[in-house]
Amino acid sequence: MNRYVATALCAASLLFLSPLAAEAQGPFHLSPALDYGLGAGGVGLLSFDILYSKVLDKDDGIDGYAVRDKDDVWAFDRWAMHDHDKAMDTASTAGMYATAAFPLIFFAAPKEDWATIYAMYAETVFLSQGVKEFTKAFVDRDRPYMYYEGAPSSKLEDGDYHDSFFSGHATTSFAAATFTSYVFCKEFPGSKWKIPVIAASYALATTTAALRVAGGSHFLSDVLVGAAFGSLTGWLVPYLHTLAPPCKDKGGNDSFQIAASPFGITASLTF
């Protein structure tokens with residue numbers, strides 16, 4: 001997922017959903033310390049990557065290239081590497097966005113829980129994308145298509161050719177699949193749809209990761225690390241919110257709110 005899109009959407013989600021989350025009745029609760037920590041961590045990592053890429057010109061493009069030597073690739077990755085396939089590359093991106101949209105099923109949850117669930121999802125995207133982009137900033141690994149003739153010129157020009165580790169598509173897809181599966185089981189513990197939801201979300205995430213390898217955009221190890229880290233983030237963020245004490249409503253109880261205005265961002269805690 002594009003880091004600019006992730007930053008903008010997640011920031012907007014946290015700002016405008018957090019004030020509504022005090023009414024949540026489900027198993028998850030937002031917490032000022034937890035949410036500020038997760039939000040600040042994700043924003044900080046994404047902002048650093050944007051600064052590093054643009055100001056320090058990390059994403060340096062090239063006009064041409066010499067085909068890399070396949071013997072330099074670790075044997076674990078070599079057997080599954082492919083040259084670039086535009087159709088599979090496009091299909092993998094479609095799969096990523098489809099998996100990322102899976103949490104829309106939580107509109108079936110009680111309205112009081114919507115803000116909490118989607119604020120958690122924003123934090124999940126924030127954190128997973130932030131760590132992924134931060135890692136890419138310091139790990140230069142040529143993509144598999146650089147070991148074949150016919151690498152896409154657009155990828156060479158924008159510097160994407162050396163951002164193979166680790167896979168953002170796999171990270172996003174498995175973060176969404178794990179988040180959806182875990183939260184669905186918590187929100188609807190007795191639902192007959194638990195197994196279908198879990199199976200469908202992970203099937204789509206796995207297909208997306210496989211297409212990244214088949215399309216020559218990633219090595220097998222890239223997508224395995226992305227899948228593992230995405231799954232960890234997709235579980236950890238909502239799990240931490242099961243441990244957070246509930247914010248209470250304004251009827252004489254605790255309530256934390258954060259809101260945006262033309263004059264800046266304000267936060268308040270009433271008790």
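This short presentation introduces the fold, the salt bridges, the cavities and one surface patch of the structure shown above.

Good morning, colleagues. Please keep in mind throughout that this is a predicted model.

Let me begin with the overall architecture. The chain has 271 residues, of which 48% are buried. Its secondary structure consists of nine helices and two strands. If we follow the sequence from its beginning, the pattern reads α-α-α-α-α-α-α-α-α-β-β. The accessible surface amounts to about 12700 Å², and carbon and sulfur atoms account for 65% of that area. As for the contacts between residues at least 6 apart in sequence, 81% join residues at least 24 apart.

I turn now to the salt bridges. How many does the structure hold? There are six salt bridges, and I shall discuss several of them.

In one of them, the side chain of Arg212 meets that of Asp89, with an N to O distance of 2.7 Å. Arg212 belongs to helix H8, residues 194–214, while Asp89 belongs to helix H4; the two are 123 residues apart, and the pair links distant parts of the chain. Are these two partners buried or exposed? Arg212 counts as buried, at 6% relative accessibility. Asp89 is buried as well, with a relative accessible area of 14%.

A further salt bridge joins the side chains of Asp222 and Arg141, again at 2.7 Å from N to O. Asp222 is located in helix H9, residues 220–243, and Arg141 in the loop between H5 and helix H6 (153–157), so this pair ties together parts that are 81 residues apart in sequence. Asp222 counts as buried, with 0% relative accessibility. Together with Asp77, the residues Arg141 and Asp222 are linked in a network of salt bridges.

Arg143 forms a salt bridge with Asp160, and here the closest N and O atoms are 3.1 Å apart. This pair also links distant parts of the chain, 17 residues apart: Arg143 sits in the loop between H5 and H6, and Asp160 in the loop between H6 and H7. Arg143, at 4% relative accessibility, counts as buried.

Let us return to helix H4, which spans residues 86–100 and includes Ser92. Ser92 is buried, with a relative accessible area of 0%. Which residues does Ser92 touch, once its neighbours within four places in sequence are left aside? Ser92 is in contact with His169, Thr208, Leu211 and Arg212. Arg212 is the residue that we have already met as the salt-bridge partner of Asp89.

Next, the empty space inside the model. The structure holds two cavities of 30 Å³ or more. The largest cavity has a volume of about 40 Å³. Its lining is formed by Tyr121, Thr124, Val125, Ser128, Gln129, Thr172, Ala175 and Ala176. Which helix gives the most to this lining? The answer is H5, with five residues. H5 and helix H7 (168–187) each supply at least two residues of the lining.

Finally, we come to the surface. Phe48, Phe134, Phe138 and Val139 make a nonpolar surface patch of about 320 Å². One of these residues, Phe134, lies in helix H5, which covers residues 111–138. Phe134 is partly exposed, with a relative accessible area of 33%. Helix H5 thus appears twice in this account: it contributes five residues to the lining of the largest cavity, and it carries Phe134, a member of the nonpolar patch.

Thank you for your attention.

Key: Residues numbered from 1 in each chain as written. Predicted model: local features only at pLDDT ≥ 70, side-chain atom pairs only at ≥ 80, totals over all residues. Heavy atoms only, no water. Patch = residues over 30% accessible without salt bridge, like charges linked within 9 Å, V, L, I, M, F, W, Y side chains within 5 Å. Areas by Shrake-Rupley, 256 points an atom, 1.4 Å probe, with all protein chains shown as cover. Salt bridge = Lys/Arg side-chain N within 4 Å of Asp/Glu carboxyl O. Helix = DSSP H or I, 4+ residues; strand = E, 2+ residues; numbered from the N terminus. Buried < 20%, exposed > 50% of the residue type's maximum accessible area, 1.4 Å probe, protein only. Contact = heavy atoms within 4.5 Å. 1 Å grid on protein atoms, 1.4 Å probe; cavity = no way out; pocket = protein on both sides within 12 Å on 5 of 7 lines; lining within 4 Å. Points joined across faces, edges and corners; volume = space filled by probe spheres on them.
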